[in-house]
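Let's take a walk through this structure together. Have the sequence and the 3D view open side by side.

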Amino acid sequence: MSEKVVLYYFNGRGVMESTRWLLAAAGVQFEEVLLTKREQFEKLMNDGALMFQQLPLVEIDGMQLVQSKAIMNYIAGKYNLKGKDLKEGAMIEMYSEGLRDLMEMIMILPFKKPDEKETQLGVTQEKARSRYLPVYEKALSGSQYLVGSQLSRADVHLMEATLMLEEKFPTILSTFPNLKAFQDRMRSLPTINKFLQPGSQRKPKPDDAYLKNVTEVLKLQL
Amino acid sequence: MSEKIVLYYFNGRGKMESIRWLLAAAGVHFEEVLLTKREQYEKLLNDGAVMFQQVPLVEIDGMQLVQSKAIMNYVAGKYNLNGNDLKERVMIEMYSEGLCDCMEMIMMLPFKKPDEKETQLGVIKGKATSRYFPVYEKALSGSQFLVGSQLSRADVHLMEATLMLEELFPTILSTFPNLKAFQDRMRSLPTINKFLQPGSQRKPQPDDVYVKTAMEVLNIKMP
């Protein structure tokens, strides 16, 4: 295996998008194999590339990594996005896991039946407003970053999550001034600024084509 | 806050059990506050102790940690159960995450409707024998531990998971000799042996009382 970092996933955000954000924020070049056909997935399975027969898969440093949390912790550790010690690491991981739970609510939306979608949207908005956003708003009082004095994976996930929320609920940050200011600071970081430009490897919101893509490749019954 | 480690959870396994296993395997003393009443939970909420209004909560080293994976990585890091370097650590975490996925299927069982339980049991057995066990069986060929040359959190989770599966399907390890031998080796480790004795802080399989208490404390209505 070469020195390259290669991501294997569908042509969309899903569980891989946070990993794309992390690599981009760290300024790390990566390639992607976008799975559009069932045969590609079967080849990965037959090659034994997928430890638990699941995506995402990331090839990095001679390893074939699966399990998104393991992948993200490795990248964060390698590229200095995990804080300076175990305690900062725990705080960063706590904040990150909360954001992960929040983003997962949005991630499953395309897979919900039409009558469930409205309910799920309502639940997401309510939880964002009452359970999650206040935590990060408070953590950013008088602080540039969520933990310690440097960028961590928690900051990157927070940028990703707040942008995702604004796509669904455009005014949701209006009562969270610290988060708004945080977004502006993050936008001004060169690597993140670059990732937000058109033509980057950032993926668009899921649409019917994405849903069809995933369903076909994984042979899902929906 | 004192030097003590305190676990806050229901009186049962759930998402806290893997953390109990890790601390026990590391030989670390811990206390528990077992939540049996809604008022206890509301106090945690009002005190701002639970960052996302959820349990598990673990008080350790002056921090109030939530999010079970963050807790487990901290405990593993602190007590040398996370390997020697970043590459060992990621292998350990990959193996651990797979086991947590497997155990989560079992964790959800008590909360399923009766007609869904049989189906779910079948799914668990199928996935355990076709997706998960073969991975660990292979990893243990010619190897004492899953990763590297010392005990890691992955080994502890594997012990926990295989025991849980045997509770549901007593002969499930009959075609996995490496896993059987692994269990015997783990049983012989003093801290783990102690945790497996009656009277330890290991919790029993969930029953109706557990389900009822969890739902009352969290104010959830069964669907």
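**A hairpin, a helix and two cysteines**

In chain B, strand 3 and strand 4 form a hairpin with 2 residues between them, and Asp61(B) in the turn has a positive phi of about 50 degrees. Helices (H or I, at least four residues) and strands (E, at least two) are DSSP runs, numbered from the N terminus. This is a predicted model, in which local features need pLDDT of at least 70 and side-chain atom pairs count only at pLDDT 80 or more, while totals for chains, interfaces and linings use all residues. Residues are numbered from 1 along each chain as its sequence is written, chains are lettered from A and ligands numbered from 1 in the order in which they are written, and side-chain values use heavy atoms, with hydrogens and water left out.

Stay with strand 3 of chain B for a moment. The two arms of the hairpin run antiparallel and are joined by 4 bridges; two strands pair if DSSP finds at least two bridges between them. Strand 1 (residues 6-10) of chain B also pairs with strand 3 of chain B, in the antiparallel sense over 3 bridges. Leu57(B) is a good place to see both pairings: its bridge partner is Tyr8(B), and it stands opposite Val66(B) in strand 4 of chain B.

In a regular strand the side chains alternate between the two faces of the sheet. Here both faces are covered: Leu57(B) and Glu59(B) on one side, and Val58(B) and Ile60(B) on the other, are all buried (under 20% relative accessible area, with exposed over 50% and partly exposed in between, for a 1.4 Å probe and protein chains only).

Now hop over to chain A, where Glu59(A) lies in strand 3 (residues 57-60). Glu59(A) is buried yet has no salt bridge, and the nearest side chain of opposite charge, Lys4(A), is 7.4 Å away. A salt bridge needs a side-chain nitrogen of Lys or Arg within 4 Å of a carboxyl oxygen of Asp or Glu. The side chain of Glu59(A) does make a polar contact with that of Tyr8(A), at 3.2 Å.

Further along chain A comes helix 6 (residues 153-168). Of its 16 residues 14 are buried, so helix 6 is largely enclosed by the rest of the structure.

Finally, what about disulfides (cysteine sulfur atoms within 2.5 Å)? The structure holds 0 of them over all chains. Cys100(B) is in no disulfide, the nearest cysteine sulfur being that of Cys102(B), 9.9 Å away. Cys100(B) counts as buried because its relative accessibility is 9%, and Cys102(B) counts as buried at 2%.

Methods
Lys, Arg positive; Asp, Glu negative; His and termini not counted. Polar contact = N/O pair within 3.5 Å; in protein donor to acceptor, adjacent residues only side chain to side chain. Expected span 1.5 Å × (residues − 1). Disulfide = S-S within 2.5 Å.
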